[in-house]
Amino acid sequence: MKKAKRLELIPPYLFVKIEEKKEELIKKGVDVIDFGIGDPDLPTPPHISQKMRAVLDSKEAANYPTSRGELVFRRAVAQWYRQRFKVELNPQGEICCLIGSKEGLAHLPLCFIDPGDVALVPDPSYPVYKICTTLAGGEPYLLPLTAENNFLPELGKVPANILKRAKMLFINYPNNPTGAVCDKAFLEQAVAFAKKHDLLLVSDLAYSEMGYDGYRPMSVLEVPEAKAVSIEFHSLSKTYNMTGWRIGMAVGNSEAVGALATLKSNLDSGQFKAIQLAAIEALTGPQQCVEDNRQIFEERRNVLIDGLNSLGWKLPKPKATFYLWVPVPKGETSASFTEKLLDQCQIMAVPGNGYGPAGEGYVRMAITLPKERIAEAIGRLKKAKISFS
Ligand SMILES: Cc1ncc(COP(=O)(O)O)c(C=O)c1O
């Protein structure tokens, strides 16, 4: 059997390796405190699952969906964007349903990247941007996100010869893995940059509902004129604890959304209609569950940050996401510190360099576990005399 060369371009998916290691330990009876994959431990709010149950037996649910998504789902997305961001979207041409936002982000480069083209990709970042640019035959050009620059890319530093070949610019605020946020000025700068250099601006807004201390993340589409150059990806995964349901949306520029919908109509037949109908309930039903979630994560964030800071770290409290981007102590690397945490404290974190070379020197901790477990993890660190020095 001779596989295609492109498969050789794919590094092992970060979380597959990490999950394997965790499973191995659990099989041996080890009590692992898992700060690994960013999968909410909280249940999907019951009114959403009830809706799914109610529609399951209907004839309507059983038939093929449309790959762009049911019009009722797209209308619910438009309503949610209007209420949340005051952004107007046309459900006919400016919204496409996705089988999770990962699916859309992964397919988008196939619509815009020809062999030899460049996509500007933050480093560190959600691995899909880089891998799927490569699979489309393109070249990711990495934009380092550093603490000195508040984990924002320095767009002015992209060389002219790269810009000539560049077709897309990915941004993701609130950010995975750094937990960083951006302000309106940065979004305006990104829109102006995309316009000037004829790029498609791809905003990944998966974490917009996880803002803390009164901070409310913005959509790039709130920037006037952004729609001319931008597509935004959103998802119900984190907002409504629905990671396993696989439903998200691409919104914004109709040409970009249309290109993705055309590609998808040849690859998949859309998401199960019962899931789309339950997602409508999530988007248009009671929203107290979102606030409840937010408060839980804010409290967990405080427990972990206060705990780490009592051990010598000097971490500011991230204003959004459920990720903490933790610098490793002197003399350690991302890999060695991850291993030390696992071996000495049975604590699972993700090595920062798994998100790109600029992630070296960090580990990512996802606070997707109860605050009591987070406190226990701090106790284990103390006992093992692990501190930041
Ligand atoms: C930045 C970012 N974008 C997109 C996704 C994909 O989310 P989903 O496919 O569940 O919508 C994730 C998941 O962790 C993420 O961290």
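Two strands are taken to pair if DSSP finds at least two bridges between them. In this predicted model, strand S11 (residues 350-351) meets that condition with S12, the two running in the antiparallel sense over two bridges, and within this pairing Pro351 stands opposite Val363 of S12. Strand S12 is also paired with strand S9 (residues 323-327), again in the antiparallel sense but over five bridges, and here Trp325 has Arg364 in S12 as its bridge partner.

The surroundings of S12 (residues 362-366) were examined next. Five of the five residues of this strand are buried, so S12 is largely enclosed by the rest of the structure. Both of its faces are covered, since Tyr362, Arg364 and Ala366 on one side are buried, as are Val363 and Met365 on the other.

The domain assignment divides the protein chain into domain 1 (5-44 + 288-383) and domain 2 (46-284), and the centres of these domains, taken over C-alpha atoms, are separated by 25 Å. The contact between them involves 32 residues from domain 1 and 34 residues from domain 2. On the side of domain 1 that touches domain 2, helix H11 (288-310) and strand S9 each supply at least two residues, with H11 giving the most, namely seven residues. By class, the residues of this side of domain 1 comprise 18 nonpolar, seven polar and seven charged.

The ligand, finally, is surrounded by 13 residues, of which the closest are Gly100, Ser101, Lys102, Ser235 and Ser237. The shell that these residues belong to consists of two nonpolar, nine polar and two charged residues.

How values were computed:
Residues numbered from 1 in each chain as written. Predicted model: local features only at pLDDT ≥ 70, side-chain atom pairs only at ≥ 80, totals over all residues. Near = placed C-beta within 6 Å. Nonpolar A, V, L, I, M, F, W, Y, C, P; charged D, E, K, R; others polar. Buried ≥ 20, exposed ≤ 12 C-beta atoms within 10 Å, placed from the backbone. Helix = DSSP H or I, 4+ residues; strand = E, 2+ residues; numbered from the N terminus. Domains from an automatic or database assignment. Contact = placed C-beta atoms within 7 Å.
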